[in-house]
Amino acid sequence: MSGPGERLDHFMARANAAYYAGCDPFADFITAPEISQVFGELLGAWVAVVWGQLGCPDPFMLVEPGPGRGTLMADALRLVRRVAPACHKAMRVHLIETSPRLRDVQAAALRDATIMPVCWHDRLDGVPDGPMVLVANEFLDALPIRQFVRRGQGWDERFVHDGAFTLAPGDFPARHPARLRPVPEGEVLETCQPALDFIHALGARLLRWPGAAVLIDYGYDAPAWGGSLQALRDGRPADPLLDAGRADLTAHVDFGAIADHVPAGVDVWGSMTQGSFLSALGLAARVEQLARAAPAQADEIRAAARRLVAPDRMGQLFRVMGLSSGLAGDLPGFAGRRAGNGTGRGGTP
Ligand code: SAH
């Protein structure tokens, strides 16, 4: 290849498209809904409460981008059907998924879970108009990033060439919320334009129709820097630049940049830690209920739930951010932690 090589986001997009199309991601890593059914159930309860706060719109769109095996949605819907049948009846489930193979897996997981047929889309824009509740777990971390290295007043950019990074003068996105971050010389700053585009589309939609979204992912909220690109293969860290398409490539989510990109007029909640969020939604009570119902598995049930909330496991690194518009009261789980309403915190259009 001539020039400095392939841009990192192009490389990552290509690698992940091949990976999600051809491999079973869940042989390589395990996500919260796959660890404990309580995760999806609590989010199902969250959806039902938020739907009530929106005035019980019928119909409403229940949207999940990046649904993986469909486990979160299946657990959520089982609970909603039982505790809030009117909400279950009003929902139209729309999944945003680019992998045809995973669409099939999701269809199987959700067979008989809904009254109306589930629809799939490549992008949020494809979801029909109307009030919406959106739930996303580990979606944003899979979106392609670029890495810039601070050089004096400017930036070099990392490109991929023959399985290694090369550096060339970079073209830092002019309107990126992190453009003024005081990154020390030689340090890396990551940008994820598809995540900002997604948030912008989500925010624009919430300005047109009432709704709420919860975004759960590993990442950071304070204005930080440093490279976080990682690859997992067979459950172990692998070299992200080798064997494109054979490992899952992810990066930590910059929740601060995302919050700054939410359009004015949309409420932003958090971000806060997954541990605090799930605890606020009643994780402990639900776990004890399940443990009592299945005494032989009680230890296993409790251990799985601990893994979701313990600070040294997923409780601290994973964060939760909420977005809402037209909602009566506070977004559940955020304990009134409203970060702003389209101030935006940094004001990027
Ligand atoms: N939410 C699931 C799966 C996370 S894995 C869970 O918690 O288990 C990431 C998911 O996002 C996969 O379903 C993958 O196919 C999907 N995905 C990755 N990039 C995408 C994109 N650009 N558009 C839509 N879906 C994408």
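This section describes two helix packings, a small set of paired strands and one buried residue in a predicted model.

Two packed helices are described by the angle between their axes and the distance between the axes. In the predicted model, helix α4, which spans residues 37-53, packs against helix α11, which spans residues 283-293. The axes of α4 and α11 lie 10 Å apart and form an angle of about 125 degrees. At that angle, α4 is oblique to α11. The crossing of α4 with α11 is right-handed. On the side of α4, the contact involves Gln37, Val38, Glu41 and Leu42; on the side of α11, the residues are Leu283, Arg286, Val287 and Leu290. By class, the contact of α4 with α11 comprises 5 nonpolar residues, 1 polar residue and 2 charged residues.

Helix α11 also packs against helix α12, formed by residues 298-309. Here the axes come within 9 Å and cross at roughly 160 degrees. An angle over 145 degrees counts as roughly antiparallel, and α11 is therefore roughly antiparallel to α12. The crossing of α11 and α12 is right-handed. From α11, Leu283, Val287, Glu288, Leu290 and Ala291 take part in the contact. Their counterparts in α12 are Ala298, Ile301, Arg302, Ala305, Leu308 and Val309. The contact of α11 with α12 contains 9 nonpolar and 2 charged residues, and no polar ones. Leu283, Val287 and Leu290 of α11 appear both in the contact with α4 and in the contact with α12.

Turning to the strands, an open sheet of 3 strands is arranged in the order β12-β11-β13, and the pairing is antiparallel. Strands β12 (236-238) and β13 (248-250) stand at the edges. Each of these edge strands has a single partner strand, so one side of each is left without a neighbour in the sheet. On average, neighbouring strands of this sheet are turned by 40 degrees against each other, direction ignored. Strand β11, which covers residues 230-233, is joined to β13 by 3 bridges, and the two strands run antiparallel. Within this pairing, Ala231 stands opposite Leu249 of β13.

A further site concerns Asp9, located in helix α1, which comprises residues 8-22. The relative accessible area of Asp9 is 13%. Because buried means under 20% relative accessible area, Asp9 is classed as buried. When residues up to four places away in sequence are not counted, Asp9 touches Pro144, Ile145 and Arg146.

Conventions. Residues are numbered from 1 along each chain as its sequence is written. This is a predicted model: local features need pLDDT of at least 70, side-chain atom pairs count only at pLDDT 80 or more; totals for chains, interfaces and linings use all residues. Side-chain values use heavy atoms; hydrogens and water are left out. Axes are lines fitted to C-alpha atoms, for helices over the stretch in contact, and angles run from 0 to 180 degrees between N-to-C directions. Helices (H or I, at least four residues) and strands (E, at least two) are DSSP runs, numbered from the N terminus. Angles under 35 degrees count as roughly parallel, over 145 as roughly antiparallel, 65 to 115 as roughly perpendicular and the rest as oblique. A crossing is left-handed if the near helix is turned anticlockwise from the far one by less than a right angle, and right-handed if clockwise. Contact means heavy atoms within 4.5 Å. Ala, Val, Leu, Ile, Met, Phe, Trp, Tyr, Cys and Pro count as nonpolar, Asp, Glu, Lys and Arg as charged, and the others, Gly among them, as polar. Two strands pair if DSSP finds at least two bridges between them. Buried means under 20% relative accessible area, exposed over 50%, partly exposed in between (1.4 Å probe, protein chains only).
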